[in-house]
Amino acid sequence: MRDRSVAVIGNGPVGQTTALLLARRGVPVVLLDGRPARDKVGSKAICQQRDVLDVWESVGAGRRIAAEGVTWATARTFHRDTELFALTLDDAGTSVFPPFVNISQARVEEILDERIAAQPLIDVRWGHRVVDVEQDDTGVRLGTDTGERVAADYAVACTGAHCGDLHRTLGVAFEGHSFDDRFLICDIRADLPGWARERRFWFDPVWNPGRQVLIHPCPDSLFRIDWQVPGDYDLAEEVRSGALDRRIRAIVGDADYEIVWKSVYRFHSRVADRLRVGRVLLAGDCAHLMSPFGARGLNSGVGDAENAAWKLAYVLRGWAGEALLDTYHAERHAAAVENLDVTTATMDFLVPHDDDQRARRESVLTGAATDPALRAQVDSGRFSEPFWYVRSPLTTPDPTRPFAGRPPRGTVPPPGPGILTPDVPLGESSRLRELLRDGFCVLAAPGAEPPDVSTVPLPVRVLRLSEADHDGGIARALGMRPGELWLVRPDAYVAAVVTEPTALVEALRRAVAGVPAPRPRRVPRTSPHA
């Protein structure tokens with residue numbers, strides 16, 4: 001007997017998001033965590049990206065998280081006491097969310113917990129640490145330290161960075177390296193006028209010579225400060241000697257301040273060699289670890305959660321075969337590698353490995369104040385952005401819309417196959433992405449012949465833009481041409497752009513990794529979302 005269709009291991013924000021997205025699609029979930037209860041310590045992952053807020057809004061949490069957080073769209077970068085540039089982040093559409101919202105991970109978890117408590121399809125079990133995993137063709141069985149065994153059709157492991165035992169149990173390699181330098185974090189409460197809406201980054205300030213400092217505003221007059229410090233840094237000694245107070249005073253001056261949380265950590269750069277092991281999928285820090293510069297950790301983990309949830313739901317419904325789950329690894333492993341490439345390049349610039357790298361960095365930073373070409377080479381972190389599934393086996397390429405590669409920082413690629421659809425209003429009270437996240441959707445441009453999707457055994461919505469896009473906003477945001485048919489996946493990514501209905505049906509079959517399984521699996525049909 002199954003406890004639930006999917007067992008989610010780990011009740012952090014990635015596990016919470018996975019559970020909520022599965023339940024939204026009518027899939028029962030058991031959510032396991034070895035801790036006795038939620039721990040609310042420190043800011044941790046604070047930068048929530050626009051498209052992640054949009055995912056959370058699909059489960060009823062995004063607008064609330066955005067409303068409680070500090071919004072910002074400008075990132076200032078300094079070298080010593082000179083401002084090099086201020087970057088303003090782009091929006092491909094007209095999203096209701098700002099580029100980033102700063103809010104503590106603990107508060108995000110509280111808001112997601114409230115949504116979980118209102119969802120009868122999610123069974124939360126604290127104090128259940130998974131110590132054993134068995135699986136076969138019929139399902140997965142998880143042994144816990146309570147002696148209880150939990151049975152499910154599939155499992156998603158969202159256990160965070162401390163996942164060595166689970167990796168060994170599954171036979172997963174977690175290759176990569178750790179950086180030598182450490183980083184000191186302090187959450188401080190202070191009144192710092194003019195700093196409340198901007199992210200600030202310093203290279204080599206006089207109050208942390210030879211290293212970096214990053215400052216983020218947070219709600220309730222909190223500021224998160226990250227100092228790069230030597231590998232032998234001793235926080236306890238710095239507190240005892242008063243050096244920590246002097247370190248903070250160098251930034252806040254004579255302002256009164258309170259330390260709310262402090263910690264020291266080391267960055268890692270690792271990715272699991274397999275994100276699917278039979279009936280177990282790996283997500284979040286259990287699948288990849290990276291430098292936080294650019295805020296790609298939690299934000300990428302939510303991308304994992306959404307990718308896993310819709311694919312598991314389609315397989316369990318019988319709308320797709322098992323091959324669809326293999327594409328979870330194909331897509332999210334590629335996303336993790338992209339993130340590691342980006343964050344490793346940032347760390348190489350922040351922490352040069354040799355004299356040549358140090359000399360190059362000094363030359364770039366010194367000249368960037370006056371030379372725009374050198375300014376573009378300053379790397380203080382490329383901000384989180386959705387991954388582009390342009391080379392996914394689920395994506396049908398469009399030769400007229402070739403992917404030009406990674407766009408300049410702060411910008412997004414033009415819409416097309418493999419790109420996340422920009423959000424635009426749909427009528428007076430709805431948005432395009434709200435509709436798209438209900439399931440597969442065909443957007444038919446004026447002049448297009450809508451396809452007959454009745455031959456494909458899964459639900460597909462067809463939206464005629466001649467009837468729904470009265471002001472042309474959708475067509476403009478997409479760069480849509482007359483006669484085109486745009487196929488969009490349940491995660492709002494474009495799967496194909498074609499002009500012939502028969503090509504659309506073929507693209508739809510490709511987007512679920514082939515012909516769906518002929519017989520639905522046993523999942524209660526309790527949700528309208530597909």
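Is Ala-295 buried or exposed? In this predicted model, Ala-295 has a relative accessibility of 17% and therefore counts as buried, the cut-off being under 20%. Ala-295 sits in the loop that links β19 (288-289) to α8. The backbone here deserves a second look, since phi of Ala-295 is positive, near 60 degrees, in a residue other than glycine. Most residues other than glycine have a negative phi.

Ser-221 offers a companion case. Phi of Ser-221 is likewise positive and near 60 degrees, and the residue belongs to the loop between β14 (212-218) and β15 (222-229). Its surroundings can be compared with those of Ala-295: Ser-221 is partly exposed, with a relative accessible area of 43%, whereas Ala-295 is buried.

Moving along the chain from Ala-295, the next element to consider is α8, which packs against α9. The axes of these two helices lie 9 Å apart, at an angle of about 170 degrees. An angle over 145 degrees counts as roughly antiparallel, and α8 and α9 are therefore roughly antiparallel to each other. On the α8 side, the contact is made by Ser-300, Gly-303, Asp-304, Asn-307, Ala-308, Trp-310, Lys-311, Leu-312, Tyr-314 and Val-315. These residues meet Leu-324, Leu-325, Thr-327, Tyr-328, Glu-331, Arg-332 and Asn-339 of α9. By class, the contact of α8 with α9 comprises eight nonpolar, five polar and four charged residues.

The loop joining α8 (297-317) to α9 holds Ala-320. With 1% relative accessibility, Ala-320 counts as buried. Ala-320 also has a partner from far along the sequence: Pro-457 is 137 residues away in the chain, yet the two C-alpha atoms are 8.9 Å apart in space.

Helix α9 (residues 323-350) has a further helical neighbour in α10 (residues 355-368), and the geometry of this second pair can be set beside that of the first. The axes of α9 and α10 come within 9 Å and cross at roughly 90 degrees. This value falls in the range of 65 to 115 degrees, so α9 and α10 are roughly perpendicular to each other. From α9, the contact involves Asp-348, Phe-349 and Leu-350. From α10, the residues are Gln-357, Arg-360, Arg-361, Val-364 and Leu-365. The contact of α9 with α10 divides into four nonpolar, one polar and three charged residues.

Helix α4 (residues 105-117) gives a view of another part of the fold. It has 13 residues and spans 18 Å from its first C-alpha to its last, close to the 18 Å expected at 1.5 Å a residue. Its buried residues are Gln-105, Ala-106, Val-108, Glu-109, Ile-111, Leu-112 and Ile-116. Both helices and strands contribute to their cover, which includes α1 (13-24), α2 (50-57) and α3 (62-68), along with β2 (29-32), β3 (47-49) and β8 (122-125).

Finally, what of the cysteines? The structure holds zero disulfides. Cys-218 is in no disulfide, and the nearest cysteine sulfur, that of Cys-47, is 7.6 Å away. A disulfide would need the two sulfur atoms within 2.5 Å. Cys-218 is buried, with a relative accessible area of 10%. Cys-441 counts as buried too, at 1% relative accessibility.

Note on methods
Residues are numbered from 1 along each chain as its sequence is written. This is a predicted model: local features need pLDDT of at least 70, side-chain atom pairs count only at pLDDT 80 or more; totals for chains, interfaces and linings use all residues. Side-chain values use heavy atoms; hydrogens and water are left out. Axes are lines fitted to C-alpha atoms, for helices over the stretch in contact, and angles run from 0 to 180 degrees between N-to-C directions. Helices (H or I, at least four residues) and strands (E, at least two) are DSSP runs, numbered from the N terminus. Angles under 35 degrees count as roughly parallel, over 145 as roughly antiparallel, 65 to 115 as roughly perpendicular and the rest as oblique. Contact means heavy atoms within 4.5 Å. Ala, Val, Leu, Ile, Met, Phe, Trp, Tyr, Cys and Pro count as nonpolar, Asp, Glu, Lys and Arg as charged, and the others, Gly among them, as polar. Buried means under 20% relative accessible area, exposed over 50%, partly exposed in between (1.4 Å probe, protein chains only). The expected span of a helix is 1.5 Å times one less than its number of residues.
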